[in-house]
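Here's a quick briefing to read with the model open beside you. Have a look at the fold, then go through the points below.

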Amino acid sequence: FRKTELVGMFVYFSWVGAVAWSQPTLFESVAWLLLSHAASGLLHVQIVASHWAMETYHGRAYNDETDEWYITQLKTTMNIDT
């Protein structure tokens, strides 16, 4: 899978570079790059905060009524507001 990963990274950085350099000025290129990464960084923090403290399911799925699908979903999902 190493070649696939390298191709994926090449495509990603080529695309980001193309979008950044398509901006009219160097300032706008840098601003777009920083703003896009800041937005994805905030999303990453929110997702990590929502899932970090949640329990992870171990074992075989759906052994009896104590670990049915909906119970497993409720135990491994957290509302960040609460």
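Is Gly17 buried, partly exposed or exposed? With a relative accessible area of 23%, Gly17 comes out as partly exposed, because the buried class stops at under 20%. Keep in mind that this is a predicted model.

**The overall picture**
- The protein chain has three helices and zero strands, so going along the sequence you simply read α-α-α.
- Buried residues account for 9% of the chain's 82 residues.
- The accessible surface of the chain adds up to about 7,300 Å², and carbon and sulfur atoms supply 69% of that.

**Helix α1**
- Helix α1 covers residues 2–21 and has Trp15 in it; Gly17 is found in α1 too.
- Is the length of α1 what you'd expect for its 20 residues? At 1.5 Å a residue the span should be 28 Å, and the end C-alpha atoms are 28 Å apart, so the two agree.
- Just two of the 20 residues of α1 are buried, which means the helix lies largely in the open.

**The nonpolar patch**
- Leu6, Met9, Tyr12, Phe13 and Trp15 make up a nonpolar patch on the surface.
- Together, these five residues show about 570 Å² of accessible area.
- Trp15, one of the patch residues, counts as exposed because its relative accessibility is 51% and the cut-off is over 50%.
- As a general point, an α-helix has 3.6 residues a turn, so residues three or four places apart point the same way.

**Around Ser29**
- Ser29 sits in helix α2, which takes in residues 26–51.
- Ser29 has a relative accessible area of 5%, so it is buried.
- Which backbone oxygen does the side chain of Ser29 reach? That of Ala20, at 2.4 Å.
- Leaving aside residues up to four places away in sequence, Ser29 touches Ala20, Trp21 and Gln23.
- Back to Gly17: its C-alpha atom and that of Ser29 are separated by 9.1 Å, with the two positions 12 residues apart along the chain.

Conventions
Residues are numbered from 1 along each chain as its sequence is written. This is a predicted model: local features need pLDDT of at least 70, side-chain atom pairs count only at pLDDT 80 or more; totals for chains, interfaces and linings use all residues. Side-chain values use heavy atoms; hydrogens and water are left out. Helices (H or I, at least four residues) and strands (E, at least two) are DSSP runs, numbered from the N terminus. Buried means under 20% relative accessible area, exposed over 50%, partly exposed in between (1.4 Å probe, protein chains only). Accessible areas come from the Shrake-Rupley method with a 1.4 Å probe; for residues, only the protein chains shown count as cover. A polar contact is a pair of N or O atoms within 3.5 Å; within protein, one must be able to donate a hydrogen and the other to accept it, and residues adjacent in sequence count only if both atoms are side-chain atoms. Contact means heavy atoms within 4.5 Å. Patches are made of residues with over 30% relative accessible area and no salt bridge: like charges are joined within 9 Å, nonpolar side chains (Val, Leu, Ile, Met, Phe, Trp, Tyr) within 5 Å. A salt bridge is a side-chain nitrogen of Lys or Arg within 4 Å of a carboxyl oxygen of Asp or Glu. The expected span of a helix is 1.5 Å times one less than its number of residues.
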